Structures are given as C-alpha cells and as structure tokens.
Amino acid sequence: MNDKILNVALLQLLPTNSLQGNLDKGIAACVHAKKLGADIALFPEMWSSGYHIPENIDELKKLALAENGAFVCEFQKLAQELEMAIGITFLEKHEPLPKNTIVLFDCHGKLALKYSKVHTCDFSDEARLSSGEDFFVADIETGIGNVKIGCMICFDREFPESARILMLKGAEVVLAPNACPMEINRLSALRTRAYENMIAVATCNYPAGHPDCNGCSSVFDGVAWIRDEAGARDMCVLEAPGEEGVYVGKIDMRMLREYRATDVMGNAYRHPEKYKAITERGIEEPFVRAENLRFRASNTQSV
C-alpha cells in the first residue's frame, strides 16, 4: 500500500436556495467525502451563494460573509472533527466590494491558507467584486503528512502566471474552485498548467443543472512520464461526469515528488531575466478591452 496517496474529494454539488441550505448540504458532503477516504475536500467556486452575484450592490453586500463568521467557522470545526482538510469557498465581506474567496483548513482545523480570486471576470458579473492581490502557498498537514498547497480560482487558470507563481512559491498541489463550462479547451488549460509546472491541479466545478456549468471536475496529477517507461502517460487521474456527486481523485505524492526532483519542467531551466516583457506594460498592449473597463465602472457606480 502506498501511504503517500493524497485523496482529494471534489464536491460537485448543486447549491440550495439559502445559506443554511448550503451549509447543511456542504457539511453532509464533507462527511461523505471522509467516508470515501478523502484527505482534502474542495467546494466549487463561491459555494456560500452558489456563485450568485446580484446586480444590486446592496443585495450583493448582504450576501457577503465574514472570514470568521458562523458559516466559515462551521467548516473549520468540521475539519477538526473529521481530521480532514477542507477548502470552503464563499463571497467574502470586503470594501469597497466583496471578494471571491477560498479558505483552507488543515486536518486539525487550523487556518492554513486564504486566497481571493486575482483574475476576476471583469467583463461579466464579477465586475462587481474586488480582486485579490497575490497568490499563496501553505505547507498543510493532511492524513498522509505535509503537502504544499496553493489555490487559484476559475478564470485564474487562463493566465499561466497564476500557476507559475504558485509553483515558484513551492506548491505541489493546486486547488481550483470553478463555476463555468469545463469543455476541451479549459480542460486542456488545466492539463497544461499541471504539465508545465510539474504540479497536481484539482478543479471542482458545479454539476450540470447549475447555470453555465456542466460538472467535469478533474484532477491532473502533474506527472507527464515516468523514467524508464516508454511514452507519455495521461496526467488526468479523474474527470467527473456531469452529474452531481462527490468524486475522489488520487494523487501519488511520492511519484510526483520523484518526478519533480529529476525532470526538466517547472523551474529547472527557466531564464527569468529574459522575461521582462511579461511584467512591463508596453505602450501598445494588444487585446486591452477599453469597453470592459467602462463595463466595470458602470457596474460599480453605486458603491
């Protein structure tokens, strides 16, 4: 038996019509995940509101929750009781506008990591949210020992810099709450983030039946090939169907760590001194959408 298999439960759930309903359903799903042997349970994006972002700013702010409020603290207590890490997502109270946030509690219920979505979708409803400022990695204790974990949320996936920064900060596993259709291109982006950084990426989406979502939560374990074995291997160790459910993906941490120690991706042969154009804003940047900036202004004018 390999004692270094990290079991990540993706809670691909349909939200209810209330905060209490989402709390109760989320607790039940975590208990079920523990019975399935999970070391970590991950919720889809902004579970507290079912990824509902009202147009009215006052209504939006009423939905927002404090990091140390009752909803979040219930999952902190549950992580301790179940001896299982839990990544709970919620609409967080923040001024001038709420944030799209995940907090990760370790298997003792200790707050290990808090992350707010950096790449908010400012071309859509998330123009009414504040964005996060940085990416974070925490060394968290799980049932199989310490694992270095980072987080990114949905649209963050489309920017290679998100996963790259997490890799550079030491992440072995990236948890990615999600709320959008997971079709071939988005799944390919997740595969690429795992491949180019030698990291495992676990993504939890809402199931079919939730607006603009289709399930297909996934785990890519980050190991593209194994030394002395011919050919490449499929890094996808889990792709869930569209239906609601709790799906467990297995990440072989021993295999991933051996691979990271010997292979050529990640930070092995980078030339960061030659990448200045990535962080320096040019005079003529392609694809800047001025109309989206106006969209954001029009959707936050009542703040």
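## Exercises on a predicted model

Histidine 210 is buried, with a relative accessible area of 10%; buried stands for under 20% relative accessible area, exposed for over 50%, and partly exposed for what falls in between (1.4 Å probe, protein chains only). This is a predicted model, in which local features need pLDDT of at least 70, side-chain atom pairs count only at pLDDT 80 or more, and totals for chains, interfaces and linings use all residues. Residues are numbered from 1 along each chain as its sequence is written, and side-chain values use heavy atoms, with hydrogens and water left out.

**Exercise 1.** Find where histidine 210 lies and which residues it is in contact with, leaving aside neighbours within four places in sequence.

*Solution.* Start with the chain: histidine 210 sits in the loop between β9 and β10. Strands (E, at least two residues) and helices (H or I, at least four) are DSSP runs, numbered from the N terminus. Next, list the contacts, meaning heavy atoms within 4.5 Å. Beyond its neighbours within four places, histidine 210 is in contact with Leu14, Pro15, Gly50 and Tyr51.

**Exercise 2.** Work out the strand order of the open six-stranded sheet, and say why β6 and β11 each have one side without a neighbour.

*Solution.* Count two strands as paired if DSSP finds at least two bridges between them. The order comes out as β6-β7-β8-β9-β10-β11, with mixed pairing. β6 (137-142) and β11 (236-239) are at the edges with a single partner strand each, so one side of each has no neighbour in the sheet. From one strand to the next, the twist averages 20 degrees. Now zoom in on one pair: β9 (residues 200-204) and β10 (residues 218-220) run antiparallel and are joined by three bridges. Valine 201 has phenylalanine 220 as its bridge partner in β10. Finally, add the helix: α5 (residues 184-197) lies across β9, β10 and β11, at about 30 degrees to β10. Here axes are lines fitted to C-alpha atoms, for helices over the stretch in contact, and angles run from 0 to 180 degrees between N-to-C directions.

**Exercise 3.** Describe how β4 is covered and how it pairs with β3 and β5.

*Solution.* Seven of the seven residues in β4 (residues 99-105) are buried. Sort them by face: Lys99, Thr101, Val103 and Phe105 are on one side, with Asn100, Ile102 and Leu104 on the other. Then take the partners in turn. β3 (residues 85-92) pairs with β4 in the antiparallel sense over seven bridges, and threonine 89 is matched with isoleucine 102. Six residues separate β3 and β4 in their hairpin. β5 (residues 111-116) is joined to β4 by five bridges, again antiparallel, and valine 103 has lysine 114 as its bridge partner. The β4 and β5 hairpin has five residues between the strands, with glycine 109 in the turn at a positive phi of about 80 degrees.

**Exercise 4.** Is arginine 157 buried or exposed, and which residues does it touch beyond four places in sequence?

*Solution.* Locate arginine 157 in the loop between β7 (145-151) and α4 (160-168). With a relative accessible area of 3%, arginine 157 is buried. Not counting residues up to four places away, arginine 157 touches Met152, Asn178, Cys180, Met182, Arg186, Ala189, Leu190 and Arg193. As a distance check, arginine 157 and isoleucine 86 are 71 residues apart in sequence and 21 Å apart in space, C-alpha to C-alpha.
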